[in-house]
Amino acid sequence: MPNIKLDLSYSGIKKGEIFEYEAKVEEIYKSLNEKAKDNNEFVGWLKLPTNYDKKEFDRVKKTAKRIRKNSEVFVVIGIGGSYLGARAVIESLTSNFANMYPDDIRKSPQIFFVGNSISPNYINELINCIGNKDISINVISKSGTTTEPAIAFRIFREYLESKYGIDEANKRIYVTTDKKKGALKKLSEEEGYETFIIPDNVGGRYSVLTPVGLLPIAVAGINIDKLIEGAKNAQYIYSDNSIKYNQCYKYAIVRNILYKKEKTIEILANYEPKLHYFTEWWKQLYGESEGKEHKGIFPVGIDLSTDLHSMGQYIQDGKRNLFETVINVEESKTDIKIKRDEDNIDGLNFLVGKTMDYVNKKAMQGTIEAHVSGGVPNIIINIKRLDEETIGELIYFFELACAVSGNILGVDPFNQPGVEAYKTNMFRLLGKPGYEK
Ligand code: PA5
């Protein structure tokens with residue numbers, strides 16, 4: 001049974017328009033399946049939930065257990081696809097305040113993400129915050145050469161070596177990188193760091209269900225067997241070639257129909273703060289996969305109802321090139337009943353006996369109706385709850401939909417040539433040899 005239900009009743013798109021894409025999408029799915037057999041194509045994620053390296057997976061679990069035992073702080077160094085997936089899953093499935101619980105209550109290490117900016121303040125402040133605590137680090141980079149994580153790793157490696165001495169530091173450094181290439185691979189061989197592999201045929205932003213995401217996620221105490229189980233469920237459900245039943249294809253198609261109707265910006269909206277980083281992960285997945293050759297939907301994210309008080313005016317009344325995709329979590333993990341107040345100065349007694357989640361859902365329904373009537377089509381993705389299985393399923397849903405959508409658009413959803421432009425300029429400005437002109 002799927003944990004995800006797509007509701008297109010607010011999208012303004014008719015069934016007939018969707019079915020016009022039937023043959024095209026079937027052809028795309030066939031071609032993705034063919035490519036998934038070829039190690040030189042970046043389509044390994046398609047079969048990953050059933051075709052992953054079981055030994056490596058067990059090693060991830062064992063390593064996570066060790067880190068959870070000997071570390072109070074776990075620092076994850078990576079950028080883009082090398083950290084967003086892990087952060088998305090961890091923040092969706094753990095307490096909003098997981099890092100802030102006192103040490104004697106917290107069951108998992110504090111997890112911090114660095115190497116995703118070049119801010120010296122961020123690193124200095126983190127090092128101050130770590131203080132005397134025991135720490136392990138996981139540096140994640142497929143290329144092994146990305147500047148932001150490379151600088152952070154240099155700093156944290158030195159930090160660990162001076163804190164523990166080289167031998168103990170080396171036991172606390174975990175590397176996730178390419179099987180053969182890159183500076184990181186070379187260094188881990190020289191220093192004997194425990195190393196995990198990013199499969200050749202899985203690109204960064206599709207890599208959350210490889211050790212890239214799985215090690216930090218397991219360190220956070222999340223059940224990665226169940227996460228994979230959820231993705232496996234999705235792999236099975238969305239291998240149904242019939243558009244009528246395949247909600248993943250439908251989402252991909254409807255986005256493209258809306259894009260053709262000049263709806264060039266997609267807003268992913270959530271009503272649950274835990275999904276903030278899930279939205280960040282989604283933004284990278286869709287932005288980097290589709291924004292090329294001067295084409296593509298621009299993906300943005302909003303947290304609601306928070307952003308109704310900052311972005312609401314624009315969404316309701318601004319330029320009409322928007323559509324919205326709302327993630328609705330059907331069952332809230334916890335709830336709070338609203339109690340009677342004798343004085344009722346705030347006028348809230350009409351809500352007595354109702355719960356906060358009930359109010360949140362009504363805010364969502366009211367917002368959907370308002371935005372739709374304001375000319376912003378809405379796609380609703382109903383998910384059962386925030387648990388490992390559902391998040392695993394949602395990850396696969398969005399990955400497959402992204403690949404299908406990029407192909408409908410006519411771009412290669414697995415490359416990112418545009419990312420090089422800033423690097424070339426930055427290296428020239430920094431005087432890196434070979435980048436003088
Ligand atoms: O999706 C991608 O390929 C990118 O976002 C990469 O994940 C990101 O640039 C980091 O690259 P690397 O893992 O090589 O350091």
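**Close-ups of a ligand, two pockets and two backbone oddities**

**View 1. The ligand meets the backbone of Lys142, Gly81 and Arg205.** An oxygen atom of the ligand sits 2.7 Å from a polar backbone atom of Lys142. Keep in mind that this is a predicted model. Gly81 also joins in, with a polar backbone atom 3.0 Å from an oxygen atom of the ligand. At Arg205, a backbone N or O atom comes 2.9 Å from an oxygen atom of the ligand. On its own, the ligand would expose 390 Å², and the protein buries 87% of that.

**View 2. Here is the shell of residues around the ligand.** Count them up and you get 13 residues, with Ser82, Ser141, Ser143, Thr146 and Gln284 the closest. What is the mix of nonpolar, polar and charged residues in this shell? Nine are polar, three are charged and one is nonpolar.

**View 3. Zoom out a little, and the ligand turns out to take up the space of the largest pocket.** About 1,000 Å³ of space lies in this pocket. Its lining is made of 37 residues, and those nearest the centre are Thr146, Glu288, Gln416, Val419 and Lys423. Thr146 has already turned up among the closest residues to the ligand. By class, the lining of this pocket splits into 13 nonpolar, 13 polar and 11 charged residues.

**View 4. Now for the helices and the strand that help build the wall of the largest pocket.** Which elements each supply at least two residues of this lining? They are strand S4 (135–141), helix H6 (147–164), helix H12 (276–290) and helix H16 (420–430).

**View 5. This close-up moves to the second largest pocket, with about 770 Å³ of space.** A set of 31 residues lines it, and Ile90, Thr94, Ser95, Ala98 and Asn99 lie nearest its centre. Helix H4 (84–93) and strand S3 (110–114) each chip in with at least two lining residues. H4 gives the largest share, namely five residues. Sorted by class, the lining of the second largest pocket has 16 nonpolar, seven polar and eight charged residues.

**View 6. A cis peptide bond runs from Leu304 to Ser305.** Its omega is near 5 degrees. Where does Ser305 sit? Look in the loop between strand S8 (298–303) and helix H13 (312–317).

**View 7. Glu262 has a positive phi, though it is not a glycine.** The angle is about 70 degrees. To find Glu262, follow the chain into the loop between helix H11 (247–260) and strand S7 (265–270).

Notes
Residues are numbered from 1 along each chain as its sequence is written. This is a predicted model: local features need pLDDT of at least 70, side-chain atom pairs count only at pLDDT 80 or more; totals for chains, interfaces and linings use all residues. Side-chain values use heavy atoms; hydrogens and water are left out. On a 1 Å grid over the protein atoms alone, a cavity is a set of points where a 1.4 Å probe fits but cannot get out, and a pocket is an open set with protein on both sides within 12 Å along at least five of seven lines; lining residues have an atom within 4 Å of a point. Grid points are joined across faces, edges and corners, and a volume is the space filled by probe spheres set on the points. Helices (H or I, at least four residues) and strands (E, at least two) are DSSP runs, numbered from the N terminus. Ala, Val, Leu, Ile, Met, Phe, Trp, Tyr, Cys and Pro count as nonpolar, Asp, Glu, Lys and Arg as charged, and the others, Gly among them, as polar. A residue is near a molecule or strand if one of its heavy atoms lies within 4 Å of it. A polar contact is a pair of N or O atoms within 3.5 Å; within protein, one must be able to donate a hydrogen and the other to accept it, and residues adjacent in sequence count only if both atoms are side-chain atoms. Accessible areas come from the Shrake-Rupley method with a 1.4 Å probe; for residues, only the protein chains shown count as cover. A molecule sits in a cavity or pocket if more than half of its atoms lie within 2 Å of its grid points.
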